[in-house]
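Reader: I would like to go through this model with you and ask how each term is earned. Could you set the values against the definitions as we go?

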Amino acid sequence: MQRTGFSACALAFALSMSGLGTCAAQGTAAPAADDVDARIAALPPGPDTEAIKLGRKITMETPQFAAGHVPGGAMSCASCHIGGGTTPLSSPWIGMTGVSPAYSARSATVESLAQRINNCFQRSENGIPLAFDSREMNALLAYMTYLSRGIPGGQFGPGRGMGKIADAALVPDPVHGRAIYADKCASCHGANGEGVHSGGSYAIPPLWGDASYNIGASMARLGPAAGFIKNNMPLGNATLSDQDAVDVAAYVTQQPRPDYAAKVKDWPKGGRPADARY
Ligand code: HEC
Ligand code: HEC
């Protein structure tokens with residue numbers, strides 16, 4: 001599904017009205033989500049622009065353009081990075097190149113941006129990592145570098161991450177979450193979280209089951225899932241209360257999904273978050 005998402009600044013403004021975010025990058029060269037395709041189309045022709053275009057395609061349609069790396073064929077980067085890394089509080093990438101490499105407690109190493117990308121291939125896509133010198137990896141790096149233009153090194157565009165639920169003391173109720181799921185999510189994601197598969201690709205990504213992200217993915221944790229759902233779902237009408245977002249995230253994250261064998265190597269020096277599934 002080709003989807004360009006919302007205007008980054010319009011969405012950030014809407015969120016700031018509810019006290020959730022600001023549009024820090026307004027007035028910089030950071031592209032708004034809904035004109036990214038137009039801006040990329042207007043770049044001067046040449047190999048660098050071709051790489052940026054391919055990175056955009058891989059992001060929007062990962063199973064097709066990183067063929068062989070997403071055996072489940074269900075998830076694109078843009079399934080979670082809405083608008084293709086341009087939407088605040090949907091883990092945007094505007095500024096990503098200026099904050100990489102960076103230390104990760106999960107691996108207890110300083111990770112390059114290419115390693116960070118492969119984390120999402122192996123966990124969020126339940127897939128196979130790209131070779132560091134591959135055309136696809138360099139295309140994703142070129143695209144993220146393009147998105148980061150105009151953001152000073154060490155800074156980030158608006159709404160990094162998925163957003164947090166302000167009241168960390170809310171107690172999740174997965175039984176209530178199941179009712180919310182049936183009421184507000186199943187119409188798109190299916191009664192069994194299976195998503196919608198049509199014409200050889202997924203129009204709506206699955207939320208659990210064999211084709212979904214594995215338990216090593218951040219989206220399998222209650223905190224990131226609740227933040228993402230609160231700020232982005234139901235798609236185009238993200239109006240859940242904090243409690244409802246926590247409840248439905250608890251229900252979704254507790255459903256079966258693929259295992260991740262390399263999980264035994266995670267957090268070797270401590271720092272494991274309490275909501276990790278293992
Ligand atoms: C199942 C959802 C999901 C999918 C699919 C997914 N990601 Fe992610 N990604 C996440 C989550 C969750 C985070 C962590 C966000 C946070 O730190 O709050 C993340 C973080 C990242 C980051 C670091 C962002 C930051 O601010 O540090 C990059 C880069 C990234 N992903 C790239 C990719 C790429 C490239 C793809 C496609 C190959 C992809 N992701 C697919 C969920 C996903
Ligand atoms: C109108 C259809 C629609 C509704 C309703 C909806 N979603 Fe989504 N959801 C999507 C689409 C489409 C995506 C992929 C993002 C994109 O294409 O922009 C997505 C992505 C997601 C993702 C990240 C990707 C993945 O597969 O895990 C989660 C988690 C999610 N939705 C949870 C929910 C929850 C929970 C609800 C109910 C509160 C909900 N959604 C309601 C359409 C919908």
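Author: Gladly! One definition to begin with: the bounds of a domain come from an automatic or database domain assignment. This is a predicted model, in which local features need pLDDT of at least 70 and side-chain atom pairs count only at pLDDT 80 or more, while totals for chains, interfaces and linings use all residues. Residues are numbered from 1 along each chain as its sequence is written, and chains are lettered from A and ligands numbered from 1 in the order in which they are written.

Reader: Which domains does the shell around ligand 2 draw on?

Author: The shell around ligand 2 takes at least three residues from each of domain 1 (8-147) and domain 2 (174-265). A residue belongs to such a shell if its C-beta atom, placed from the backbone, lies within 6 Å of the molecule. For ligand 2 there are 25 of them, and Cys185, Cys188, Pro205, Met233 and Pro234 are the closest. H5, helix H10 (186-189), H11 and H12 each give two or more residues to this shell.

Reader: How do you know what is a helix here?

Author: Helices (H or I, at least four residues) and strands (E, at least two) are DSSP runs, numbered from the N terminus. By that rule the protein chain has 12 helices and 4 strands.

Reader: What is the make-up by class of the shell around ligand 2?

Author: There are 20 nonpolar, 3 polar and 2 charged residues around ligand 2. Ala, Val, Leu, Ile, Met, Phe, Trp, Tyr, Cys and Pro count as nonpolar, Asp, Glu, Lys and Arg as charged, and the others, Gly among them, as polar. The shell around ligand 1 has 14 nonpolar, 7 polar and 3 charged residues.

Reader: Which residues are the closest to ligand 1?

Author: Of the 24 residues that surround ligand 1, Cys77, Cys80, Cys120, Ser124 and Gly161 are the closest. Helix H5 (77-80) and helix H7 (113-124) are the elements that give two or more residues to this shell. H7 has the largest share, with 5 residues. Domain 1 (8-147) and domain 2 (174-265) each supply at least three residues to the shell around ligand 1.

Reader: How do you know that the length of H7 agrees with what a helix should span?

Author: The expected span is 1.5 Å times one less than the number of residues. The 12 residues of H7 should therefore span 16 Å, and the end C-alpha atoms are 16 Å apart, which agrees. After H7 comes Asn126, with a positive phi near 45 degrees. For H3, with 14 residues, the expected span is 20 Å and its end C-alpha atoms are 20 Å apart, so H3 agrees too.

Reader: What makes Gly95 buried, and Val99 partly exposed?

Author: Buried means 20 or more other C-beta atoms within 10 Å of the residue's own, exposed means 12 or fewer, and partly exposed is in between, with C-beta atoms placed from the backbone. Gly95 has 26 within 10 Å, so Gly95 is buried. Val99 has 15 C-beta neighbours inside 10 Å, so Val99 is partly exposed. Gly95 sits in the loop between H6 and S1, and the place of Val99 is in the loop between helix H6 (82-85) and strand S1 (102-104). Across the protein chain, 45% of the 278 residues are buried.

Reader: What is Val99 in contact with?

Author: Contact means that two C-beta atoms, placed from the backbone, lie within 7 Å. Leaving aside neighbours within four places in sequence, Val99 is in contact with Gly154 and Phe156. With residues up to four places away left out, Gly95 touches Ser148, Ile151, Gln155, Phe156 and Gly157.

Reader: Which buried residues does H7 have, and what do they pack against?

Author: In H7, Ile117, Asn118, Cys120, Phe121, Arg123 and Ser124 are buried. These buried residues pack against H5 and H8.

Reader: Why does the largest nonpolar core lie between domain 1 and domain 2?

Author: A nonpolar core is a set of buried Ala, Val, Leu, Ile, Met, Phe, Trp, Tyr and Cys residues joined through C-beta atoms within 7 Å. The largest one has 57 residues, and Ile229, Val248 and Ala249 have the most contacts inside it. H8 gives the largest share of this core, 9 residues. Domain 1 (8-147) and domain 2 (174-265) both contribute residues, so this core lies between them. Beyond four places in sequence, Val248 is in contact with Gly177, Ile180, Tyr181, Cys185 and Ile229.
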